[in-house]
Number of protein chains: 2
Amino acid sequence: MRLAELSARSGVSTATIKYYLREGLLPPGRQVNTTTADYDEEHLRRLRLVRAMIHVGRLPVATVREVLGHIDDDSLGRTIRLGAALWALPQAAEPDEEDEYVRAARTEVDRLLAALGWTNAQALTTISPSYRSLVLAVAAFRRLGYGWGAELLAPYAQLMHRAAVLDLDFMETHPSETEQVETAVLETILNEPVLQALHRLAQEEESARRYGFE
Amino acid sequence: MRLAELSARSGVSTATIKYYLREGLLPPGRQVNTTTADYDEEHLRRLRLVRAMIHVGRLPVATVREVLGHIDDDSLGRTIRLGAALWALPQAAEPDEEDEYVRAARTEVDRLLAALGWTNAQALTTISPSYRSLVLAVAAFRRLGYGWGAELLAPYAQLMHRAAVLDLDFMETHPSETEQVETAVLETILNEPVLQALHRLAQEEESARRYGFE
DNA sequence: TCTCCTTGGGAAGTGTCACTATCCAAGCAC
DNA sequence: GTGCTTGGATAGTGACACTTCCCAAGGAGA
């Protein structure tokens, strides 16, 4: 398959594909001669993955490159590779420990983990990007005067844990190891917009049930 | 309070505050004389809200302006105002109805709503931005070869409905009408990063429970 | 063979976005 | 009255995701 056909089948312009090749998001095609390169189905699949990560998951190009690097790293075991790929995802800033809201938020998040008995998550608080993101998000609430604490967070956390169980159950139905890692990353990235849309839709549904349309 | 003090108390540079004033995200201060304007606590609160929407909720400046306009519109009733504010939020593109994946995704989403008995949401499919976002997100999955259908989505939808019930219960604990609308918008915008972080943290916890750390 | 179109590749340019730096004249403080 | 600060306006910045332009080399039809 030539560049033009790859472009036609993916709906991505040749200029953009060339850009992705330059950025290392797509491996180069097999060079037939000076003016012809050959691409296969794997290129098409990878290209679609890249587009989904960028446009649905809103990941920056540099992050996509990093995540793909981990997915492709055959030297690591599945769990490590998956962890590395997932931990490359977030683009949250470092929490500022001087900030009183951040410190209060951290206390509440720690209380939450203790109350839930998430001992594994507790062990990861110093390094997990998700933990840091959570602290930052809770701090943003507190800065606006809402006293979001462990008690209010706990029911949400339990719901999201059930979502995580669904995620991993689904992941385990996939056979190959590479595919499992790729699926897990995809799940995490693409599932979030789905959950967000479902959340907003559910809010509309519940709001209409309570208050009608007017 | 002068600009410099507003800047100091909010941690936002005077240059950025001036930018927000120009963009209409902050109402102008009370002009004392040619070189002095006076800002109050409400300005500080609004500024923090704007920062949270932009940096935590990742909303574009133009969207923030639109959402604030709806929050401040006293001519409308609560439900309408809330709906208007929430519907101004998404920045999802229009689904391309020519696309086979989009059409298949729409079918699955419609089946999902029917199976769940979300009749209110069903009534809104032609106009709701959340519905369109959901279709697009499901289409992205299907394009990558994952057959995400109503059966897989339903348990997630039920979880998110329970989250929506929590959201609205919490909203009802707030007294004033303006505050309720503002709280509801804030909930929607700021709660999403919290839920996302909880989701990833839950995935880490569950993954460690199943497979250990290695 | 001679055109003429297409190909892959690289450099430079584009549009958007959220700021940020600079400038200015008018106060105010000592 | 001198020097710093203030609010306001204009222009510039840097990051980002492309996109346009140009080129030399193939290949295809007359």
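These legends accompany three close-up views of a predicted model.

**View 1. Protein surface near DNA strand C.** DNA strand C is surrounded by 23 residues, and those that come nearest are Leu3(A), Tyr19(B), Thr34(B), Pro60(B) and Val61(B). In chain A, two or more residues each are given to this surface by helix H1 (3–10), helix H2 (14–23) and strand E2 (36–38); in chain B, helix H2 (14–23) does so. H2(A) provides the largest share, four residues. Sorted by class, the surface near DNA strand C holds ten nonpolar, ten polar and three charged residues.

**View 2. Surroundings of Glu23(B).** Glu23(B) belongs to helix H2 of chain B. Glu23(B) counts as partly exposed because 13 other C-beta atoms lie within 10 Å, whereas a buried residue would need 20 or more. Leaving aside residues up to four places away in sequence, Glu23(B) touches Val61(B) and Arg65(B). Val61(B) is also among the residues that come nearest to DNA strand C. From Glu23(B) to Leu144(B) the C-alpha to C-alpha separation is 40 Å, with their positions 121 residues apart in sequence.

**View 3. Contact between chain A and chain B.** Here 59 residues of chain A meet 59 residues of chain B. On the chain A side, at least two residues each come from helix H3 (41–56), helix H5 (78–87), helix H7 (119–123), helix H8 (129–143), helix H9 (150–172) and helix H10 (177–211). H10(A) gives the most, with 23 residues. By class, the side of chain A that touches chain B comprises 35 nonpolar, twelve polar and twelve charged residues.

Notes: Residues are numbered from 1 along each chain as its sequence is written. Chains are lettered from A and ligands numbered from 1 in the order in which they are written. This is a predicted model: local features need pLDDT of at least 70, side-chain atom pairs count only at pLDDT 80 or more; totals for chains, interfaces and linings use all residues. A residue is near a molecule or strand if its C-beta atom, placed from the backbone, lies within 6 Å of it. Ala, Val, Leu, Ile, Met, Phe, Trp, Tyr, Cys and Pro count as nonpolar, Asp, Glu, Lys and Arg as charged, and the others, Gly among them, as polar. A residue is buried if 20 or more other C-beta atoms lie within 10 Å of its own, exposed if 12 or fewer, and partly exposed in between; C-beta atoms are placed from the backbone. Two residues are in contact if their C-beta atoms, placed from the backbone, lie within 7 Å.
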